[in-house]
Amino acid sequence: MDEKQLKYQFMTILSESHPGLTFDEYRDSCIFLLFYHYLCLKYGEELEENYKLHMMARMAIRGKLQMDSFLNFIENASHFLHVLCPDYQLTEFSFYKGLLEVETQEKQKSYARFIRKLIKKLDTWGTGEELLGLYPVCFESLMIEFSNMKKETGIPESILSLYETFTQEKKEERRIFHPEFRYGSLLRRLLSDCKEPFYCGYETCADYIELMRILCFMHEIPEDRYFFSGHREWIRQKRFLGKMDTVCVYKPEGVEPGTFLTAEEENTTVKNLLQVKTKGELPYLLSAFPLLCGDGEIMAVLPSSLLYREGRENQIRRYLVEEMNCLDTVILLPDFIFPSIGQQEVFLYLKKDRQEEDVMLFDCSALEDFGEDALEDIHRAWKDRKTVPGLCHRADRDEISGNGFNLNLPRYIKKTVGMEIVDIDTKRERIERINQELREIEGRLEMYRRDLELDALI
């Protein structure tokens with residue numbers, strides 16, 4: 001089975017019916033069984049015959065694989081695999097622990113039906129070194145698709161590319177911290193071609209930490225090259241202060257007031273600038289600076305209202321521009337990228353100890369396409385530090401100060417008004433994208449309706 005065929009097989013998992021399971025239960029079932037299959041492939045020669053996948057598949061084909069027999073099989077296999085691979089004990093996975101707590105007969109049957117179906121599918125993929133080598137990339141592709149099925153966990157491809165545009169300077173070693181890394185697609189994208197990457201982040205959902213550990217294991221990233229934890233544990237860490245090359249923030253829906261990335265003792269300046277009612281985004285960014293090394297950088301997607309809110313936030317903008325001289329680039333993102341959030345978002349690029357004393361301001365809100373060509377235009381103008389009428393403006397400190405440190409883009413960039421030439425093909429493509437988004441939303445609604453068993457109530 002070549003890579004194309006295997007990737008197709010992985011992706012068909014998304015279309016498998018899973019009546020009676022919620023999205024998270026369905027996702028966790030897939031992750032657990034795929035990882036078990038991967039371990040069977042990796043340790044196939046050493047794994048005792050009774051614990052290999054085909055033995056479970058044999059029970060599934062005969063219809064004998066029920067919840068009790070599945071749990072018993074995993075419990076026995078877990079000990080044996082743990083001897084071969086001390087990093088993992090299958091009975092410690094949240095999925096397995098969750099199954100132990102399933103009490104209703106109907107839910108147990110739902111799990112058993114889906115597990116039987118998936119195991120029979122995995123057993124047809126075969127064995128061998130080639131399959132083992134293809135597994136990590138295909139597994140990661142499936143995880144990205146899972147993340148895109150829920151708007152709160154997916155990151156649009158254009159935004160992933162935008163972050164990548166601002167990290168084009170290659171380093172032998174790069175240390176990136178990503179708070180609330182979700183499925184980790186941004187971390188993996190920015191570190192995929194780095195010789196010595198260091199993955200670092202915290203999550204409020206323990207399942208995502210488990211998933212990132214699996215991805216790192218599959219990509220043979222050693223344990224001393226990553227650190228994932230909950231937020232409380234992260235705040236207590238001191239060993240990463242002054243060590244991070246990049247902090248990547250992705251919070252298009254905003255930050256809760258009082259949320260910080262480092263402990264209070266590292267945030268004396270932040271506390272001096274704040275009061276209780278201050279919004280969360282700018283203080284959150286300020287609290288990241290103690291993590292940065294000498295030429296460290298922060299990239300963030302946040303609500304655009306942080307550019308012009310008054311009060312304490314105006315003081316923070318002044319501090320960032322005038323005293324720290326760290327605000328390098330502001331990009332107002334196109335309206336169509338986050339249609340469900342109901343507000344405009346902005347991409348910020350901040351750099352510690354930078355030499356420039358200007359700020360590059362981009363207004364991309366009216367763009368109908370934010371693909372490769374648009375990103376190339378942005379990158380060229382940013383590198384040249386030049387004004388492009390209608391797109392961007394190079395603002396010095398005096399100009400920003402003259403505007404009272406209000407960074408609302410219309411103050412700096414005047415949109416040209418004239419006869420618009422309508423590109424019919426582009427409009428058609430835009431309509432098709434909208435229709436595709438509508439189909440995806442309808443698919444998600446149908447999935448949620450099924451998960452919540454709403455049809456049964458009608």
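**Surface patches and salt bridges in a predicted model**

At 61% relative accessibility, Asp 373 counts as exposed. I begin with this residue, and I should say at once that the model before you is predicted. Asp 373 belongs to helix 15, which covers residues 372-384. Together with Asp 369, Glu 372 and Glu 429, Asp 373 forms a negative patch on the surface.

Before turning to the other patches, allow me to describe the chain as a whole. The protein chain contains 17 helices and nine strands. Its radius of gyration is 25 Å, close to the 23 Å that the globule rule gives for 458 residues, so the chain is as compact as a globular protein of that length. The C-alpha trace spans about 75 × 55 × 45 Å along its principal axes. Of the 458 residues, 52% are buried.

I return now to the surface. Which residues gather in a patch of positive charge? They are Lys 109, Arg 113, Lys 117 and Lys 120. One of them, Arg 113, lies in helix 6, residues 105-123. Arg 113 has a relative accessibility of 37% and therefore counts as partly exposed, since that class runs between the 20% limit for buried residues and the 50% limit for exposed ones.

A further patch is nonpolar, and its members are Ile 434, Leu 438, Ile 441 and Leu 445. Together these residues have about 330 Å² of accessible area. Leu 445 is part of helix 17, which covers residues 424-451. With a relative accessible area of 46%, Leu 445 is partly exposed.

I come next to the salt bridges. How many are there in the model? The count comes to 26 salt bridges. I shall present three pairs.

In the pair formed by Glu 432 and Arg 439, the side chains meet at 2.8 Å, N to O. Glu 432 is partly exposed, at a relative accessible area of 43%. Arg 439 is also partly exposed, at 42%.

Glu 173 and Arg 225 form another salt bridge, with an N to O distance of 3.5 Å. Where do these two residues lie in the chain? Glu 173 is in strand 1, residues 173-177, whereas Arg 225 is in the loop between helix 10 (206-218) and strand 3 (226-229), so the pair ties together parts that are 52 residues apart in sequence. Is Arg 225 buried or exposed? Its relative accessible area is 16%, so Arg 225 is buried. Its partner Glu 173, at 34%, is partly exposed.

The remaining pair is Lys 150 and Glu 152, whose side chains meet in a salt bridge of 3.9 Å, N to O. Lys 150 is buried, with a relative accessible area of 12%. Glu 152 is partly exposed, with a relative accessible area of 38%. Both residues also take part in a network of salt bridges, which links them with Asp 24, Arg 27, Asp 28 and Asp 207.

To close, I would ask you to locate three surface patches in the structure above: the negative one that includes Asp 373, the positive one that includes Arg 113, and the nonpolar one that includes Leu 445. Please then find the network that includes Lys 150 and Glu 152, and the salt bridge between Glu 173 and Arg 225. Thank you for your attention.

Methods. Residues are numbered from 1 along each chain as its sequence is written. This is a predicted model: local features need pLDDT of at least 70, side-chain atom pairs count only at pLDDT 80 or more; totals for chains, interfaces and linings use all residues. Side-chain values use heavy atoms; hydrogens and water are left out. Patches are made of residues with over 30% relative accessible area and no salt bridge: like charges are joined within 9 Å, nonpolar side chains (Val, Leu, Ile, Met, Phe, Trp, Tyr) within 5 Å. Accessible areas come from the Shrake-Rupley method with a 1.4 Å probe; for residues, only the protein chains shown count as cover. A salt bridge is a side-chain nitrogen of Lys or Arg within 4 Å of a carboxyl oxygen of Asp or Glu. Lys and Arg count as positive and Asp and Glu as negative; His and the chain ends are not counted. The place of a charge is taken as NZ of Lys, CZ of Arg, CG of Asp or CD of Glu. Helices (H or I, at least four residues) and strands (E, at least two) are DSSP runs, numbered from the N terminus. Buried means under 20% relative accessible area, exposed over 50%, partly exposed in between (1.4 Å probe, protein chains only). The radius of gyration is taken over C-alpha atoms; the globule rule is 2.2 Å times the number of residues to the power 0.38.
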